[in-house]
Amino acid sequence: MSDPTFALETINPFGISGFGIRVSLDFADLDGDGDLDVLVGNDRGDSVVYRNVGTATAPSFTLVGTNPFGLGNVGSYADAASTFADIDGDGDLDVFIGNNQGDTVVYRNVGTATAPSFTLVGTNPFGLGDVGSFAAPDLADIDGDGDLDVLIGNSSGNTVVFRNVGTVEAPSFTLVGVNPFGLGDVGSDAAPDLADIDGDGDLDVLIGNDNGDMVLYRNVGTAAAPSFTLVGTNPFGLGHVRDWPTQYSVSLVAILSATPDLVDIDGDGDLDVLLGVNYGTIVLLRNGPPPPAAPTGLALTAASNSGSTADTLTNITTPTIAGTAAAGATVVLYQGATALGTATADGAGQWTVTSASLSDGAHSLTAKASNADGTSTASTALTVTIDTTPPTATVQFEDDRIDAVEQTSTAFTITDGEPGAAYSWTITSSGGGQVTGSGLLNAGTNRIDGLNLSGLGDGTLTLALSLTDAAGNRSPLLGATTQKLTAAVDGPTEQIVDGTTVHRSITTGAGGNRIVTVRIEAPTADRQEDGSTPNPDLADVPVVQEEVADAQTAQTSTVTTLMLSVQTGVAVTASGRAERVSAADTGDGLITAIEDWTEEGSPSRIGLSGGGTSFLATLPAQAQLLVRAIDFTAPGVAAGQAVQTKVTGTTL
C-alpha cells in the first residue's frame with residue numbers, strides 16, 4: 001500500500017474546454033477503443049461528450065457534442081452531474097445523471113460498447129430516491145458482491161448510499177443510509193468518487209465540496225465490508241483552489257464547486273485527479289513521484305564572506321551561495337521571483353551558485369530544486385547584506401608638541417568612525433623608531449591614550465591608521481602628525497649671534513618641567529653686525545626657534561617664534577619652559593607674569609579676571625608663552641636712562 005503524490009499540472013488539459021459554468025466529469029472508454037473518453041455535466045443540465053482521439057498514455061480530446069447518442073437535458077440549469085456505469089452487465093456503458101432537484105436520471109445504452117446509443121430509463125429507477133438537492137452520483141461495487149452500488153452526494157454535504165440487492169443484470173437498490181461506514185459531512189454540495197487510491201484492493205472515497213476542497217476517506221475495512229476513516233482535506237498535494245499559483249487561478253465570484261474524478265489519465269498505472277470547478281474549468285493534478293525537497297543549509301561560502309564568518313555581511317557583490325538538495329537536482333537561486341543563478345547538485349547533494357551582481361543593502365535569497373518529478377517549494381531564506389563602502393574617520397594627536405613628560409602618556413583620537421570597525425595604527429618618528437597598536441571602534445569619539453613614545457627619537461611623529469569594517473572593506477590610510485621635542489634647546493650652550501654672545505642653560509623644575517634660560521650680552525664696542533638681521537643698530541637674537549611640520553606634506557622647517565633685539569651694552573636674560581604647554585597653563589602663566597610685574601589697580605591689571613581670563617582661555621593651543629620672564633641689566637647705563645630693546649615673535 002502506498003499513498004499517491006499529486007501535483008498541479010495545468011487547467012483545461014488535452015483540449016477539453018467550452019462546456020458551461022458548473023462542471024462535473026467522468027472518464028471512461030465510451031467507444032471501446034482502449035482509451036478514456038470524458039462525459040462532462042454542466043450547469044445548464046446538459047451532458048457534453050469528448051472523444052479521445054489520442055492514446056491511452058497521451059490523450060487528446062475532440063468535442064463530440066452536447067447530449068449526443070440520445071442523451072437529454074435533465075432540467076433547465078439543473079446542474080447535471082454525469083457518470084458512466086454498466087448498470088445492466090451487458091458490457092457497454094450506461095449513464096447516470098444527477099440534477100439540482102436531488103434526482104438521478106438514468107440512460108441505458110441500447111447500442112454497443114463501440115457505438116453507444118442511449119435511451120431514457122427514468123428518474124430514480126431501480127429503487128433510487130431523491131437525496132434532497134444537487135445530486136452527484138457515482139457507482140462502484142462497495143460491498144464486493146460483484147454488482148454496482150450507488151453513492152450520491154447532495155447539497156447538504158452528505159453522501160447517501162444505496163446498496164444493490166438485485167443482480168449485475170437487474171439492479172435493485174435499497175437505501176443504506178446517509179454517511180454510513182464512517183463517511184461524514186463535507187460541508188455542502190458533496191461530489192463523491194470511488195477508487196482504490198492507495199492500492200490496497202478496496203475502494204476509498206474522495207469527495208469534493210463547494211468550498212473548492214477535496215476530502216479523502218480511506219477504507220480501513222475490507223472490499224466486502226467497508227469502514228472509512230478521514231485522511232484529511234486536500235491531502236497528498238491536492239490543494240485548495242485558492243492556493244493554486246496565479247496562472248492556474250479560476251474565478252472566485254461564485255461557489256467553488258469541486259467535482260473530482262480519480263482516473264489513470266496517462267496510462268502509467270496510478271490514479272490521477274481530474275477536477276471540475278467553476279466557470280468551465282477542469283484541473284489536472286497528476287499522480288507521480290514527489291518533487292524534490294526544498295534545498296537546505298543555504299550559506300555564504302568562506303571565499304564570499306569577506307567579513308566575519310559568523311555573519312552574512314560581505315563586500316562581494318557576486319557572492320557564492322552553497323547548500324544541499326536532492327542529488328542531481330537543478331537548483332535555482334532566487335531573490336523574490338528573480339533568478340540569480342543555477343547549478344546542479346552533485347551526487348552528495350552539494351551545490352554552489354554564484355549570484356548575479358547585487359547592490360549594496362540586504363537581500364533575501366531562496367533556492368528551489370527541480371528534477372523530472374517536479375519543483376520543490378522555496379528554501380528557508382538566507383539574508384545576505386552587501387556593503388562595499390570603505391570606512392572613514394578623522395584622526396588627530398591631542399598635542400601638537402610632545403615633551404619629555406608627555407612622551408610616556410601620549411594620546412590621539414578617532415572621530416566619526418564606524419562602530420565595530422577594526423583599526424590598526426603605526427606611529428613612526430623621523431628621528432627613528434616605531435610603535436603599533438590595534439583595536440575596535442566604539443560609537444562616538446575613541447581616545448587611544450596611555451601611549452609610551454619614549455622609545456622614539458625626537459622629530460616629526462607620523463600616525464598612519466587604517467580601518468577595516470565588518471564587511472572587510474579597508475579605508476585608505478588616515479594620518480596625523482605631531483612633534484616630539486625632548487631635547488633642551490637646539491644648538492651649542494654658547495654662541496655668537498649678530499655679534500652678540502648668547503648663553504643657554506637648562507634646569508629641571510617642579511613636576512619635571514625643564515626650564516631654558518637664555519642670556520644675551522651685547523658688547524660695548526667692536527660688535528660685528530650681521531647684515532641679514534632685521535635691525536642694523538641692534539643685536540637680533542632668536543630666543544625661541546621651533547621645528548614645524550606641514551600637515552599636508554609632512555615637510556619640516558624652522559621658525560623663529562620669539563626674537564629679542566637689544567642695544568649695545570645691554571644684557572638680557574630670558575627664561576621659560578623648554579616644551580610647549582597647554583592653553584590653560586599658558587593663560588595662567590601669562591596672568592601670573594603680568595601680576596608679578598605690575599601694581600595692583602594699575603591699568604595693566606584691568607581685565608585679568610572675568611573677561612580677561614575668559615579671553616586668555618580661548619587662545620588656541622598653538623599660542624603658548626614659552627618665555628615667562630625677561631630681566632634687563634645695562635652695565636654703564638645710568639638709572640632711568642632709556643635703552644632700546646625690541647621683542648618680536650610669531651604665533652604658530
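**An open three-strand sheet and two buried residues**

Three strands, in the order 21-23-26, form an open sheet with antiparallel pairing. The model is predicted, so local features need pLDDT of at least 70 and side-chain atom pairs count only at pLDDT 80 or more, while totals for chains, interfaces and linings use all residues. Residues are numbered from 1 along each chain as its sequence is written, and side-chain values use heavy atoms, with hydrogens and water left out.

User: What makes strand 21 and strand 26 edge strands?
Analyst: Strand 21 (296-300) and strand 26 (350-354), being DSSP runs of E with at least two residues, numbered from the N terminus, each have a single partner strand, so one side of each is left without a neighbour in the sheet.

User: How do you know that strand 21 and strand 23 pair?
Analyst: Pairing requires that DSSP finds at least two bridges between two strands; strand 21 and strand 23 (residues 320-324) have three bridges in the antiparallel sense, and T296 stands opposite T324 in strand 23.

User: Why is D213 called buried?
Analyst: Buried means under 20% relative accessible area (1.4 Å probe, protein chains only), and D213, at 10% relative accessibility, therefore counts as buried. The residue lies in the loop between strand 15 (204-208) and strand 16 (214-219).

User: Which term applies to A411, buried or exposed?
Analyst: At 4% relative accessibility A411 counts as buried, and its place is in strand 32 (residues 410-415). Not counting residues up to four places away in sequence, A411 touches F397, E398, R447, I448 and D449, where contact means heavy atoms within 4.5 Å.

Conventions. Helices (H or I, at least four residues) and strands (E, at least two) are DSSP runs, numbered from the N terminus. Buried means under 20% relative accessible area, exposed over 50%, partly exposed in between (1.4 Å probe, protein chains only).
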